[in-house]
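Open your viewer, get the sequence panel up beside it, and keep your selection tool handy. We'll go stop by stop, and at each one you'll find out what to click and what is there.

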Amino acid sequence: MRGIKFRVWDGVERKSHPSNQKKFALRSDGALLLIDGSSADRYHIPQFSTGFTDVKGKEIYEGDIVRYSTGGHTFIEKISFDGGAWHSQSKTGMFSVVLTYHDYEVVGNTMENIDLLPNEV
């Protein structure tokens with residue numbers, strides 16, 4: 001069994017950190033902790049790894065913005081979790097596909113690059 005991988009948003013540095021970089025942990029109630037015991041107040045919104053990678057080998061996380069093409073059309077959507085599965089969510093709010101159906105490329109995330117989405121999702 002693999003451990004739970006996630007990243008957090010650093011409100012001071014204004015960037016994301018993977019859980020292994022700053023030695024984060026999650027309590028059973030979902031609260032974020034720093035292993036060294038310091039305050040985690042500056043860190044927000046744990047975003048969990050999907051366990052999938054994009055076409056370039058980059059790990060895909062909840063909240064990532066991805067691009068893919070199908071049927072001659074290119075889509076830019078955000079990754080979310082619903083109904084027990086990972087999906088890319090269209091600008092209309094519809095969950096368009098299960099994550100394994102397309103060759104996704106991560107082009108950003110909703111904390112740093114919301115402007116990449118055609119309309120905020």
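The tour starts with the whole chain and then moves to single strands and side chains.

**Before you click**

This is a predicted model, so local features need pLDDT of at least 70 and side-chain atom pairs count only at pLDDT 80 or more, while totals for chains, interfaces and linings use all residues. Residues are numbered from 1 along each chain as its sequence is written, and side-chain values use heavy atoms, with hydrogens and water left out.

**Stop 1: the whole chain**

Show the protein chain as a cartoon. You'll find 0 helices and 11 strands (DSSP runs numbered from the N terminus: H or I of at least four residues for helices, E of at least two for strands). Now colour by pLDDT, the predictor's confidence in each residue, from 0 to 100. The chain averages 80, and 83% of the residues score at least 70. Among the elements, β10 has the lowest mean pLDDT (60) and β11 the highest (94).

How many of the 121 residues count as buried? The share is 36%. Buried means under 20% relative accessible area, exposed means over 50%, and partly exposed is in between (1.4 Å probe, protein chains only).

**Stop 2: strand β1 and its hairpin**

Select residues 6-10, which make up strand β1; 5 of its 5 residues are buried. Turn on the side chains: F6, V8 and D10 point one way, and R7 and W9 the other way.

Add residues 15-18 to your selection. That is strand β2, and β1 pairs with β2 in the antiparallel sense over 4 bridges (strands pair if DSSP finds at least two bridges between them). Click V8 and look across to H17, its bridge partner in β2. The two strands form a hairpin with 4 residues between them, and R14 in the turn has a positive phi of about 60°.

**Stop 3: the rings around Y68**

Next, select Y68, F75 and Y104, which ring pairs link into a cluster. Rings of Phe, Tyr and Trp (its six-membered ring) pair if their centres lie within 6.5 Å; planes under 30 degrees apart count as stacked, over 60 as edge-to-face and the rest as tilted. A search of the whole structure finds 4 aromatic pairs. One of them is Y68 with F75, a stacked pair with 5.3 Å centre to centre and 25° between the planes.

Is Y68 buried or exposed? At 5% relative accessibility, Y68 is buried, whereas F75 is partly exposed at 30%.

Swing round to Y68 and Y104. Their ring centres are 5.1 Å apart and the planes sit at 70°, so this pair is edge-to-face. The pair links distant parts of the chain: Y68 is in strand β7 (residues 64-70), while Y104 is in the loop between β10 (95-98) and β11 (105-109), 36 residues apart.

**Stop 4: a polar partner for Y68**

Keep Y68 on screen and add E77, which belongs to strand β8 (residues 73-82). The side chains of E77 and Y68 make a polar contact at 3.3 Å. Such a contact is a pair of N or O atoms within 3.5 Å; within protein, one must be able to donate a hydrogen and the other to accept it, and residues adjacent in sequence count only if both atoms are side-chain atoms. E77 is buried too, at 3% relative accessibility.

**Stop 5: strand β11**

Finish by selecting β11. Because 4 of its 5 residues are buried, β11 is largely enclosed by the rest of the structure. β11 pairs with β7 in the antiparallel sense over 4 bridges. To see one bridge, click R67 and find its partner E105 in β11.
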